[in-house]
Amino acid sequence: MISPSTRALIATTVCATVAGAPSARAASQFDGDWVAHLFTTTGACEPNFRLSGRIVNGTANYQFGSSNVAGRVAPSGAVTVTVTVGPNHGVATGRLSGASGGGTWRAQGSGGACTGIWKAERR
């Protein structure tokens, strides 16, 4: 089983695609409440988990303790998020379209590497 810090990193990586803070940018067509379902395809991570959050102005920025999340949903729906939690790091990419979307994620932490897919839907 993967360490709790690596599991938190993975959860935060994808959660950042659906969680954001206001910025000076104009509102995005993808702004709002979203829920993401993550599925592990390789590695010793949890097999699946669910996260919810919010996109605000197409931007995701979050800092909590040693966690730093930076992400963006482009007007085309392309999603890119990077996460750093201490020495652990992860990336989630994909696309939103209308009220749903999905993509892939990968993370590297003290427990090893994991990869998977994510699917999201607007609430």
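Okay, one definition before anything else: two strands count as a pair if DSSP finds at least two bridges between them. Keep that in your head, since pairing comes up a lot today. Also, please remember that what you see above is a predicted model.

Let's start with the overall layout. The chain has one helix and eight strands. If you read along the sequence, the pattern goes α-β-β-β-β-β-β-β-β. There are 123 residues in the chain, and 43% of them are buried. As for the outside, the chain exposes about 5,900 Å², with carbon and sulfur atoms supplying 56% of that.

Now, how do the strands line up? Let's walk through β5 to β8. β5 and β6 run antiparallel, joined by eight bridges. Within that pair, you can find Val79 standing opposite Gly94 in β6. These two strands make a hairpin with two residues between them, and Gly86, in the turn, has a positive phi of about 60°.

Moving along, β6 pairs with β7, again in the antiparallel sense, over nine bridges. Two spots to click on here: Thr93 sits opposite Thr104 in β7, and Arg95 has Gly102 in β7 as its bridge partner. This is a hairpin too, with two residues between the strands, and in it Gly98 takes a positive phi near 65°.

Then comes β7 with β8. How many bridges join those two? The count is 10, and the strands run antiparallel. Gly103 stands opposite Trp118 in β8, and β7 and β8 form a hairpin with two residues between them.

So far we've followed strands and their hairpins, but what about contacts across longer stretches of sequence? Take the contacts between residues at least 6 apart in sequence: 54% of them join residues at least 24 apart.

Okay, the inside. In soluble globular proteins, nonpolar side chains tend to be buried together. Here, the largest nonpolar core has 21 residues, and the members touching the most other members are Leu38, Leu96, Trp105 and Trp118. The elements giving two or more residues to this core are β1 (32–42), β2 (48–55), β4 (67–73), β5 (78–85), β6 (88–97), β7 (100–109) and β8 (112–122). Which strand gives the largest share? That would be β5, with four residues.

Let's zoom in on Leu96 for a second. Leave aside its neighbours within four places in sequence, and Leu96 is in contact with a whole list of residues, including Phe30, Trp34, Ile55, Val73, Val79, Trp118 and Ala120. Ser76, Gly77 and Gly101 are on that list as well.

One last residue, and this one is a threonine: Thr40, found in strand β1. Is Thr40 buried or exposed? Its relative accessible area is 19%, and buried means under 20%, so Thr40 counts as buried. And what does Thr40 touch, not counting residues up to four places away in sequence? The answer is Cys45, Glu46, Pro47, Trp105, Thr115 and Gly116. You'll recognise Trp105 from the core we just talked about.

That's my tour, thanks for listening!

Technical notes. Residues are numbered from 1 along each chain as its sequence is written. This is a predicted model: local features need pLDDT of at least 70, side-chain atom pairs count only at pLDDT 80 or more; totals for chains, interfaces and linings use all residues. Side-chain values use heavy atoms; hydrogens and water are left out. A nonpolar core is a set of buried Ala, Val, Leu, Ile, Met, Phe, Trp, Tyr and Cys residues joined through side-chain atoms within 4.5 Å. Buried means under 20% relative accessible area, exposed over 50%, partly exposed in between (1.4 Å probe, protein chains only). Contact means heavy atoms within 4.5 Å. Accessible areas come from the Shrake-Rupley method with a 1.4 Å probe; for residues, only the protein chains shown count as cover.
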